[in-house]
Amino acid sequence: MHNGHATGGALTMLWHNLTGPLFVASMNAYQLVEAGNMQADKDPLSMPLTPRAEFTSNGIAYMNISDITATITLEEKRPHYNSRSESAPAQGW
């Protein structure tokens, strides 16, 4: 299923040893996979909860969560951290 589950280095769960889950991701794009067990999303302002690195250029969207080959790198340069993401164009958006 295209754009179903988060890939490309997306944060899918943030866990704390004392409190348990602090954050859990959702689908990349809401789709009725099991229409009998799911509710239709009729809210025009709703959006998936999965955090993403997203960039649009010339009408083409690039998102790490839709690209299984995406990479995210982090470089520590105290007191800052620099991150870099490389993604292919998102399909079907």
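Biologist: What joins S1 to S2, and through how many residues?

Modeller: In this predicted model, S1 and S2 are joined by a hairpin that passes through three residues.

Biologist: How do you know that S1 and S2 pair as strands?

Modeller: Pairing asks for at least two bridges between the strands, and four bridges join S1 (residues 13-16) to S2 (residues 20-24), so S1 and S2 qualify as a pair. The two strands run antiparallel, and methionine 13 has valine 24 as its bridge partner in S2.

Biologist: What makes S5 and S6 a pair, and in which sense do they run?

Modeller: Seven bridges link S5 (residues 71-77) with S6 (residues 80-86), and because at least two are required, the strands S5 and S6 count as paired, in the antiparallel sense. Threonine 71 is matched with glutamate 86 in S6, and the hairpin that leads from S5 to S6 does so through two residues.

Biologist: What makes the bond between arginine 78 and proline 79 cis or trans?

Modeller: The omega angle is about 5 degrees, and the peptide bond that joins arginine 78 and proline 79 is cis. Most peptide bonds are trans. Proline 79 is found in the loop between S5 and S6.

Biologist: Why is the contact between glutamate 76 and arginine 78 called a salt bridge?

Modeller: The rule asks for a side-chain nitrogen of Lys or Arg within 4 Å of a carboxyl oxygen of Asp or Glu, and for glutamate 76 and arginine 78 the closest N and O atoms are 2.8 Å apart, so the pair satisfies the rule. Side chains of opposite charge can pair when their charged atoms come close.

Biologist: What makes glutamate 75 and lysine 77 count under that rule?

Modeller: Their closest N and O atoms are 3.9 Å apart, and because the cut-off is 4 Å, glutamate 75 and lysine 77 form a salt bridge as well. The count by this rule comes to two salt bridges.

Biologist: How do you know whether glutamate 76 and arginine 78 are buried, partly exposed or exposed?

Modeller: Exposed means over 50% relative accessible area and buried means under 20%, with partly exposed in between. Glutamate 76 has 43%, so it is partly exposed, whereas arginine 78, at 70%, counts as exposed. In the other salt bridge, glutamate 75 at 42% is partly exposed, and lysine 77 at 48% is likewise partly exposed.

Biologist: Why is threonine 50 called buried or exposed, and where does it lie?

Modeller: Its relative accessibility is 2%, and because buried means under 20%, threonine 50 counts as buried. Threonine 50 has its place in the loop between S2 and S3 (54-57), and its side chain reaches the backbone oxygen of serine 26 at 2.7 Å. The cut-off for a polar contact is 3.5 Å, so the distance of 2.7 Å falls within that limit.

Biologist: What makes the phi of asparagine 58 worth a remark?

Modeller: Asparagine 58 has a positive phi of about 55 degrees although it is not a glycine. Most residues other than glycine have a negative phi. Asparagine 58 belongs to the loop between S3 and S4 (60-63), in a hairpin with two residues between the strands, and at 78% relative accessible area it is exposed, since the limit is over 50%.

Biologist: How do you know that S3 and S4 pair?

Modeller: Four bridges join S3 to S4, and at least two are needed, so S3 and S4 form a pair, running antiparallel. Serine 57 has isoleucine 60 as its bridge partner in S4.

Biologist: Which residues form the nonpolar patch on the surface, and what makes leucine 11 eligible for it?

Modeller: The patch consists of Leu11, Leu14 and Leu22, with about 260 Å² of accessible area together. Patch residues need over 30% relative accessible area, and leucine 11 has 38%, so it passes that cut-off while counting as partly exposed. Leucine 11 lies in the segment before S1.

Biologist: How many helices and strands does the chain have, and what share of its residues is buried?

Modeller: The chain has zero helices and six strands, and buried residues make up 17% of its 93 residues.

Key:
Residues are numbered from 1 along each chain as its sequence is written. This is a predicted model: local features need pLDDT of at least 70, side-chain atom pairs count only at pLDDT 80 or more; totals for chains, interfaces and linings use all residues. Side-chain values use heavy atoms; hydrogens and water are left out. Buried means under 20% relative accessible area, exposed over 50%, partly exposed in between (1.4 Å probe, protein chains only). Patches are made of residues with over 30% relative accessible area and no salt bridge: like charges are joined within 9 Å, nonpolar side chains (Val, Leu, Ile, Met, Phe, Trp, Tyr) within 5 Å. Accessible areas come from the Shrake-Rupley method with a 1.4 Å probe; for residues, only the protein chains shown count as cover. A polar contact is a pair of N or O atoms within 3.5 Å; within protein, one must be able to donate a hydrogen and the other to accept it, and residues adjacent in sequence count only if both atoms are side-chain atoms.
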